[in-house]
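Okay, thanks for coming, everyone. I'd like to walk you through a structure that's probably new to you, so have a look at it first and then we'll go through it piece by piece.

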Amino acid sequence: MENKEKSNGEIKEKQPEKKKVDWSGRLIIASLAGAFGSSFLYGYNLSVVNAPTVYIKRFYNESWERRYGHVIDGGTLTLLWSITVSIFSIGGLVGAIITTPTVKFLGRKHTLLINNVFAVVAALLMALCQIAGSFEMLLLGRTVMGIHAGVSLSALPIYLSEISPKEIRGALGQVTAIFICIGVFIAQVLGLPEIFGNEFCWPYLFGVIAVPSLIQVGILPFLPESPHFLLLEKNDTSGAEKAFQTFLGKDDVSHELEESEAQRNVKLESVLQLLRNRSVHWQIITVIITMACYQLCGLNAIWYYTNSIFREAGISPKLIPYVTLSTSTVEILSAVSSGLAVERLGRRPLLIGGFGLMVISFTILSVSLTLQNRAYWLPYLSIFCILAIIASFCIGPGGIPFVLTGEFFQQSQKPAAFLIAGTVNWLSNFSVGLLFPFIQAGLQTFCFLVFAVICLAGATYLFFVLPETKNKTINEISQAFAKRNKVTLEGREMSQFSSEMKSSEEQEHNFSSTLENGETKNRII
């Protein structure tokens, strides 16, 4: 009987632990509504310009001829189209920069709510551009939509990381990534000729952008603000307690309040201070190179110009929209697989292996495109290579660079680190969107060898420099870089924590808590 009672007692003790990692209903709603109105729209806008390319260029020509009396020349049209694609990234950079002060002043939830104004305005500008006969409205709409993307990809991960228990923050981050993939897929579906991908209906592709935003506006006001923001920025302990109780589905949230309170005295480093900090020099270099390779590896070129790539591969124009659907399907499956594998296999093999597979796939793609008229099966090999590139990217390079940015730095350094990573991310994105049409025109079928070289350079650097960070503490990761940075871990810890007034044991506990609290800011930018 005594053993049974002990056994029963053990069962009872385990039940509260299981309850802590359960998703409350409000937490599920917050993650889905937040992702649908934010990361979903980011993915949607990455792909939405692909299907109506021919009709938008025709619209540019007609508008130009009405205004200036002659048809636009080919070079100017290519430049104008490149700007249409890439200006989205300039808006994203602006959005990422303004997010930090906005979330501090307005709060996480209200930043997401107000951000929907950008989406609705952008949707109206782009949907009405054909009626107004103004291609400038489309360009302005793409810029404004980029601002929305920059803000949402920064504010949403902050909000979700601060309302969720640490045990499922990784899962919530993966929900965000999956919604990006779903956004790409929906854009491709709506871009089919039978729906909006035709000469008369293509503006509706941009008009539907307002729908997810309006749905988010209808849901978020009924959810609490981030308890972290309420406690530390507004000094509203009662409000923070109620928010934790709502999202975590339990009454006793004293531990979560203590963890948040422990961050009150954390002194943030500026970008300049971080760049001058010798103890993180190689971490910064690694983040910059990884984020640059993340964008310059060629995947965005495939998303932006899928139809033209398939056309070059010899695919029938009537089949291209349907073949394109397979790319986003592969991306969704690969993103899910990556979420399941990253904690088992580690960051290093997935990242290096992903770039390595992309090198092989890009090389074979260049060869198959060059020789596509020699054999009937070569166009199908080109399609396979494109799918292999997407799968290789999503399994490794697609999400891990953001994870590394969150793992490399102390809590006080993360805002500056994410700003650096975000700047590199959006500028690299802009470069690909702007330059790829010219690279493609100049190098023809060999243009993908440029991306193969970039992936090879990234994989080589990471092979020699990147340590494995799976299940490692910040101190263990710092120690792995200490020799390259020519500093000792002890010296770093003294400089980092000399201003703390708590005991060393409390500091370690609080630091671990704050690190976990910021873990899923890996998708801030």
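Let me start with a question: does isoleucine 98 count as buried, partly exposed or exposed? Isoleucine 98 has 32% relative accessibility, and the partly exposed class runs from 20% to 50%, so partly exposed is the answer. One thing to keep in mind throughout is that this is a predicted model.

So where does that isoleucine sit? You'll find isoleucine 98 in helix 5. Together with Ile90, Val94, Ile97, Leu419 and Leu427, Ile98 makes up a nonpolar patch on the surface, and the accessible area of the patch is about 430 Å². Two helices, helix 5 (74-106) and helix 23 (414-443), each bring at least two residues to the patch. Helix 5 gives the most, with four residues.

Okay, let's zoom out. The protein has 525 residues, and 56% of them count as buried. On the secondary structure side, you're looking at 27 helices and zero strands. The accessible surface adds up to about 22800 Å², and carbon and sulfur atoms hold 64% of that. Now take the contacts with a separation of 6 or more: 83% of them are between residues 24 or more positions apart.

Next, the inside. The largest nonpolar core contains 58 residues, and Phe355 and Phe362 have the most contacts inside it. Helix 20 (residues 347-370) provides the largest share of this core, nine residues. Apart from that core there's another one, of 57 residues, including Leu93, Leu153, Ile180 and Ala187.

What does phenylalanine 355 touch, if we skip its neighbours within four places in sequence? The list is Cys293, Tyr294, Cys297, Pro397, Cys455, Ala459 and Leu462.

While we're talking about buried things, look at helix 3 (residues 39-47). Nine of its nine residues are buried, so helix 3 is largely enclosed by the rest of the structure. Among those buried residues are Phe40, Tyr42, Tyr44 and Asn45.

Now for the rings. Searching the whole structure turns up 21 aromatic pairs. Take tryptophan 282 and tyrosine 461: their ring centres are 6.5 Å apart and their planes sit at 20°, so this pair is stacked. Tryptophan 282 belongs to helix 16 (residues 281-296) and tyrosine 461 to helix 24 (residues 448-465), so the pair ties together parts that are 179 residues apart in sequence. The two partners aren't covered alike, either: tryptophan 282 is partly exposed at 26% relative accessibility, while tyrosine 461 is buried at 15%.

Compare that with phenylalanine 448 and phenylalanine 451. Here the ring centres are 6.3 Å apart with planes at 50°, so we call this pair tilted. Both residues are in helix 24, and being three residues apart, they're separated by about one helical turn. Why does that spacing matter? An α-helix has 3.6 residues a turn, so residues three or four places apart point the same way. Both of these rings belong to buried residues: phenylalanine 448 has 2% relative accessibility, and phenylalanine 451 has 4%.

One last thing to find on your screens. Phe59, Tyr60, Trp64, Tyr68, Phe135, Trp202 and Phe206 are linked by ring pairs into a cluster. That's my tour, thanks for listening.

How values were computed: Residues numbered from 1 in each chain as written. Predicted model: local features only at pLDDT ≥ 70, side-chain atom pairs only at ≥ 80, totals over all residues. Heavy atoms only, no water. Patch = residues over 30% accessible without salt bridge, like charges linked within 9 Å, V, L, I, M, F, W, Y side chains within 5 Å. Areas by Shrake-Rupley, 256 points an atom, 1.4 Å probe, with all protein chains shown as cover. Salt bridge = Lys/Arg side-chain N within 4 Å of Asp/Glu carboxyl O. Buried < 20%, exposed > 50% of the residue type's maximum accessible area, 1.4 Å probe, protein only. Core = buried A, V, L, I, M, F, W, Y, C linked by side-chain atoms within 4.5 Å. Contact = heavy atoms within 4.5 Å. Phe/Tyr/Trp six-rings, centres within 6.5 Å; stacked < 30°, edge-to-face > 60°.
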